[in-house]
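Dear colleague,

I am passing on the structure that we spoke about, and below it you will find my notes on what came out of it. Please read them with the structure open beside you.

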Amino acid sequence: MTVPPDRDHQLPPDYEPYFMEPVRSPASWPVRIMQFFAVVGVIIVLAIAGAALARRLADGVAVEATVSTIAVDQDVALTVPRGATASDIGVLLQSAGLITDSGSFERTVRIQGVAEQLKAGDYVMTGGTSINDLIGQLIAGPPAPDTFRLTVIEGLRIEEMLVSLADQTDHTAAQYERALLGGSILSPYLPDEIPEGVPLLTAWEGLLFPATYEFLADATAEDIVGRLVEEMNGRMAAVDWSLLEEEGLTPYDGLIIASLIEKEAKLEIDRPLISSVIHNRLVDERALQIDATIIYALGENPGRVLERDLEIDSPWNTYLNVGLPPTPIGGVRTTSLAAAARPAETSYYYYVVVDFDGTHGFSETLEEHNEKVAKARDEGVLP
């Protein structure tokens with residue numbers, strides 16, 4: 001049995017206990033290295049994030065500090081061309097004195113993610129406007145230019161049409177006439193000649209298309225009448241005139257016929273029928289005997305065509321002259337052009353208004369026609 005040593009027993013100097021501090025495993029050093037680099041990585045990430053935050057804060061400060069170099073509330077015209085980048089626009093804004101730092105503008109646009117939304121165009125911007133408000137204007141786009149609308153109704157003769165244009169604009173009828181006669185506005189349908197003694201403006205009769213148009217506020221008289229002529233050129237070109245051309249007529253002849261239909265027809269259903277009467281009379285070389293041409297020859301509407309009016313000496317008098325008048329007698333709508341180009345197939349040679357709504361009655365013989373006229377008078381439709 002082993003006896004424990006006394007409490008005061010001294011160990012020999014060369015004594016070594018059986019337990020010793022364990023030696024650390026070599027595998028713990030990689031772990032420490034990994035821990036070191038992990039700490040360093042966290043520090044780097046925090047440093048980068050801090051730098052980014054500082055940069056954003058700096059940008060924010062720069063944006064707030066970027067003020068215009070021109071007077072507050074002073075308007076500046078600025079044109080942003082197509083394809084301009086955010087950087088380009090920033091330079092334009094700085095050059096115009098609206099901002100002092102194009103770089104801050106570009107960074108703000110990039111941060112907001114709206115670089116692709118900035119629109120080209122003409123702007124009026126105000127000094128002292130913040131970058132965010134400038135960006136908002138560029139995203140909204142330039143304001144629409146000031147415009148106005150005007151309407152020209154069908155059936156007006158050329159002088160009346162120019163007066164109507166003058167009443168709706170700042171230009172005079174004389175300015176519109178000069179624009180038409182100045183030589184810069186062209187139409188393939190202008191007649192080679194007009195009857196001697198009539199105004200030169202008569203050559204433009206029927207060549208301006210009646211409709212509602214929209215123009216810029218600064219449109220000139222030439223811009224306006226040029227647009228109406230261009231519209232008529234397009235409408236005429238869109239019509240198939242082959243049927244008339246087979247009969248030896250021209251598209252201009254078709255326009256003259258359309259103007260007669262425009263003046264005579266009150267209802268759309270009657271237009272092809274009135275066209276058929278005109279065509280039938282032309283084929284048989286009969287006088288058209290259309291009252292609307294007498295009114296045109298008189299130069300004004302007397303309200304009622306009298307017997308003596310039928311004797312007026314004028315190329316437009318279709319009671320005395322066989323065939324078409326030398327020019328249209330007013331502006332026409334598209335349906336009248338279509339009716340002139342494609343008349344209904346009938347044997348009618350006469351028509352007369354038989355109802356208060358403007359309905360016409362059509363006849364093959366003069367006897368039938370006279371009966372319709374008498375009935376319309378009895379009913380008060382005709383005077």
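How many helices and strands does the protein chain have? There are 13 helices and six strands in the protein chain, and please keep in mind that this is a predicted model. Of its 383 residues, 39% count as buried, and the accessible surface comes to about 22,700 Å², with 54% of that belonging to carbon and sulfur atoms. Among contacts between residues at least 6 apart in sequence, 63% join residues at least 24 apart.

I then looked at helix H7, which covers residues 221-237. With 17 residues at 1.5 Å a residue, H7 should span 24 Å, and its end C-alpha atoms are indeed 24 Å apart, so the expected and computed spans agree. The buried residues of H7 include Ala-221, Ile-224, Leu-228, Met-232 and Met-236. The buried residues of this helix pack against two strands, E3 (147-151) and E4 (212-216), and against helices H5 (158-168), H6 (173-181), H9 (251-264) and H12 (334-341).

The other region I would point you to is the hairpin formed by strands E5 and E6, which has six residues between the two strands; in its turn, Gly-358 has a positive phi of about 95°. E5 (residues 350-353) and E6 run antiparallel and are joined by four bridges, and Tyr-350 has Ser-363 of E6 as its bridge partner. Within E6 (residues 360-363), His-360 and Phe-362 point one way while Gly-361 and Ser-363 point the other way, and all of them are buried.

With best wishes

Notes: Residues numbered from 1 in each chain as written. Predicted model: local features only at pLDDT ≥ 70, side-chain atom pairs only at ≥ 80, totals over all residues. Heavy atoms only, no water. Buried < 20%, exposed > 50% of the residue type's maximum accessible area, 1.4 Å probe, protein only. Pairing = 2+ DSSP bridges. Expected span 1.5 Å × (residues − 1). Contact = heavy atoms within 4.5 Å. Areas by Shrake-Rupley, 256 points an atom, 1.4 Å probe, with all protein chains shown as cover.
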